[in-house]
Amino acid sequence: MLEECGADLLHIDVMDGHFVPNITIGPVVVEAIKEVATIPLDVHLMISDPDYYAESFINAGADYLTVHAESTPHVHRVVQKIKAAGIKAGVSLNPHTPISILENILDNIDLVLIMSVNPGFGGQSFIPHSLEKIRQLKKMLIKNGANHIEIEVDGGIKLENIKAVSDAGCDIFVSGSGIFKVENSQEIIKKMKTLISE
């Protein structure tokens with residue numbers, strides 16, 4: 001259904017009940033999705049010890065693999081492992097985490113995921129300060145000649161705010177309840193795409 005509606009990626013939230021309170025899915029389910037999906041899998045690890053688990057999700061078929069800066073003291077090592085596997089490496093920042101934490105790894109990543117809610121549960125409201133954080137990140141990337149790095153935003157993205165998020169500098173928009181809790185998902189995705197292309 002998502003592919004037919006025009007989704008460009010499938011964002012898969014992996015939660016371990018430790019780094020975040022909720023528990024979702026593991027590599028076996030990602031592998032099953034990979035067997036039927038025709039669009040890339042954007043796998044977001046909201047887990048402790050991503051160093052240990054990254055290889056399992058790489059082997060399961062992730063096209064993008066994103067780890068949280070807060071989840072490991074060895075972010076550089078993990079993103080190097082992901083890049084060495086030939087897939088796109090991302091780093092995610094919780095709402096309270098400053099973008100300055102990224103300065104020494106910009107050469108090693110393809111994506112920065114800004115959490116615009118506190119991770120762990122769907123259906124939360126977009127944190128307004130996230131817009132300024134996205135703008136600051138965009139400026140940092142330009143200043144460092146890192147325009148190739150995509151900015152992804154996850155949390156509370158809906159038809160009503162997607163234009164503002166786009167204007168702030170976002171490239172990839174993750175929407176859960178904004179798509180699944182509406183009557184016509186296909187129409188909403190089309191409208192979202194129209195708004196971000198304006």
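Mentor: Buried means under 20% relative accessible area, exposed over 50%, and partly exposed in between, with a 1.4 Å probe and protein chains only. This is a predicted model, where local features need pLDDT of at least 70, side-chain atom pairs count only at pLDDT 80 or more, and totals for chains, interfaces and linings use all residues. Residues are numbered from 1 along each chain as its sequence is written, and side-chain values use heavy atoms, with hydrogens and water left out.

Trainee: Why is Glu 132 called partly exposed?

Mentor: Its relative accessible area is 29%, and partly exposed lies between 20% and 50%, so Glu 132 counts as partly exposed.

Trainee: What makes Glu 132 and Arg 135 a salt bridge?

Mentor: A salt bridge needs a side-chain nitrogen of Lys or Arg within 4 Å of a carboxyl oxygen of Asp or Glu. The closest N and O atoms of Glu 132 and Arg 135 are 3.2 Å apart, so the pair meets the definition. Both residues lie in helix α5 (residues 130–143); helices are DSSP runs of H or I with at least four residues, strands are runs of E with at least two, and both are numbered from the N terminus.

Trainee: Why is Asp 110 called buried or exposed?

Mentor: Asp 110 has 14% relative accessibility, so it counts as buried. Its salt-bridge partner is Lys 83, at 3.0 Å between the closest N and O atoms. Lys 83 lies in helix α4 and Asp 110 in the loop between β4 and β5 (111–115), so the pair ties together parts 27 residues apart in sequence.

Trainee: What makes Asp 167 exposed?

Mentor: Asp 167 has 55% relative accessibility, so it counts as exposed.
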